[in-house]
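I opened this notebook to record what I looked up in a single model, one topic per entry. The entries follow the order in which I consulted the structure.

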Amino acid sequence: MNAQYATVNGLKMYYEVHGSGKPLVLIHGGGSTIGTTFGRILPELAKSHRVIAVELQAHGHTADIDREMTFEQDADDVAALLRQLDISKADIMGFSNGGTTSLQIAIRHPEVVNKLVLASTLYKRSGVPAGFFEGMQQASLDNMPQPLKDAYRAINPDPEGLKAMFTRDATRMIHFRDISEADIKAIQAPALVINGDTDVILPEHALELFRALPHAKLAILPAGHGDYIGEICAPDPDSYMPQLTVSLINEFLR
């Protein structure tokens with residue numbers, strides 16, 4: 001593994017490079033790190049790809065800075081990193097909030113995208129159960145899953161850092177705006193939409209995204225949010241599901 005920082009758009013962004021082959025960018029979920037989202041599947045993906053895993057503004061090793069945190073800004077940061085690394089085109093995989101960022105990369109920087117893997121990805125407010133956004137308005141740091149808090153503290157023990165990450169992510173979700181159907185339909189990159197059948201993101205929403213994208217495939221798996229990639233909060237650490245998911249991803253990216 002090669003771990004480094006790059007200065008992009010004023011942000012000192014942490015990233016890791018694993019393996020060799022065609023470049024594959026991994027973008028973690030909200031409140032997460034590279035390890036908490038992709039720790040189970042990253043070594044497998046790195047067997048056949050040059051994996052570039054990033055930590056976005058206020059997450060993990062990447063400190064917060066005084067600017068707005070939006071999915072569009074995250075997309076611009078990742079695209080700027082790829083330019084710095086002299087990577088003209090890459091496959092992009094995002095989970096949860098990282099999936100929404102991946103959509104924004106495809107919309108704002110289509111030239112850098114080869115293929116998209118969109119895991120539990122939200123593009124419309126209707127894609128989550130009723131009451132989700134109202135619940136976000138009441139959310140506090142106490143509601144954050146303990147494994148995510150522990151993982152952040154292991155990287156950055158400053159309690160203000162953890163609070164900043166939580167507040168940034170909660171605020172962004174409360175103010176989430178639909179991505180227009182026209183923008184989704186304009187995405188020309190082939191896409192694999194993956195979702196769990198008991199996911200926070202409704203399977204009906206994954207189906208909508210699949211139908212709106214011009215060149216998409218769809219996999220609805222018997223799993224909850226992130227269980228199919230072995231995300232750190234997944235209830236069964238011994239599940240075979242992450243191996244199945246890696247096989248699906250590798251088949252799609254061939």
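**Entry: the crossing of two helices.** I looked up how H3 and H4 meet in this predicted model and noted that their crossing is right-handed. The axes of helix H3 (residues 71-84) and helix H4 (residues 97-108) come within 8 Å. They cross at roughly 70 degrees, and therefore I entered the two helices as roughly perpendicular to each other. I then listed the residues that make the contact. H3 contributes Phe71, Glu72, Asp74, Ala75, Asp76 and Val78. H4 contributes Asn97, Thr100, Thr101, Gln104, Ile105 and Arg108.

**Entry: the sheet.** I next asked in what order the strands of the sheet are arranged. Eight strands form an open sheet in the order E1-E2-E4-E3-E5-E6-E7-E8, with mixed pairing. Strand E1 (2-8) and strand E8 (216-221) stand at the edges. Each of these two has a single partner strand, so one side of each lacks a neighbour in the sheet. From one strand to the next, the twist averages 20 degrees.

I also recorded which helices lie on this sheet. H3 packs on the sheet and touches E1, E2, E3, E4 and E5. The direction of H3 makes about 110 degrees with that of E1. H9 lies across E6, strand E7 (191-196) and E8, and runs at about 170 degrees to E8.

**Entry: strand E4 and its neighbours.** Is strand E4 mostly covered or mostly exposed? I found that strand E4 (residues 49-55) is mostly covered, six of its seven residues being buried. On one pairing, strand E2 (residues 11-18) and E4 are antiparallel, over five bridges. Within that pairing I noted Tyr14, whose bridge partner in E4 is Glu55. On the other pairing, strand E3 (residues 22-27) and E4 run parallel and are joined by six bridges. Here I noted Lys22, whose bridge partner in E4 is His49.

E3 also runs parallel to E5, with four bridges between them. In that pairing, Leu26 has Met93 of E5 as its bridge partner. As a reminder for reading side chains on these strands, I wrote down that in a regular strand the side chains alternate between the two faces of the sheet.

**Entry: salt bridges.** How many salt bridges does the model contain? The count comes to nine, and I examined three pairs in detail.

I began with Lys22, already noted in E3 for its bridge to His49. The side chain of Lys22 meets that of Asp91 in a salt bridge, at 3.9 Å from N to O. This pair links distant parts of the chain, since Asp91 is in strand E5 (residues 90-95) and Lys22 is in strand E3, 69 residues apart. Asp91 is buried, with a relative accessible area of 1%, whereas Lys22 is partly exposed at 43%.

The second pair is Glu208 and Lys124, whose side chains form a salt bridge at 2.5 Å, N to O. Glu208 belongs to helix H9 (residues 203-212). Lys124 lies in the loop between strand E6 (113-119) and helix H5 (132-138). These two residues are 84 residues apart and likewise link distant parts of the chain. Glu208 is partly exposed, with a relative accessible area of 33%, while Lys124 is buried, with 15%.

The third pair is Arg172 and Asp169, with the closest N and O atoms 3.6 Å apart. Why are these two residues separated by about one helical turn? They are three residues apart in helix H7 (residues 159-174), which accounts for that separation. Arg172 is buried, with a relative accessible area of 9%, and Asp169 counts as buried at 8%. Salt bridges that share partners join Asp74, Asp169 and Arg172 into one network. I noted that Asp74 had already appeared among the H3 residues in contact with H4.

**Entry: positive phi values.** I finally looked up two residues other than glycine that have positive phi. Asn9 has phi near 50 degrees and is placed in the loop between E1 and E2. Asn9 is partly exposed, with a relative accessible area of 44%. Ser120 has a positive phi of about 50 degrees and sits in the loop between E6 and H5. Is Ser120 buried or exposed? I entered Ser120 as buried, with a relative accessible area of 0%.

Key
Residues numbered from 1 in each chain as written. Predicted model: local features only at pLDDT ≥ 70, side-chain atom pairs only at ≥ 80, totals over all residues. Heavy atoms only, no water. Buried < 20%, exposed > 50% of the residue type's maximum accessible area, 1.4 Å probe, protein only. Pairing = 2+ DSSP bridges. Salt bridge = Lys/Arg side-chain N within 4 Å of Asp/Glu carboxyl O. Axes fitted to C-alpha atoms, helices over the stretch in contact; angles between N-to-C directions. Parallel < 35°, antiparallel > 145°, perpendicular 65-115°, else oblique. Left-handed = near helix turned anticlockwise from the far one by under 90°. Contact = heavy atoms within 4.5 Å.
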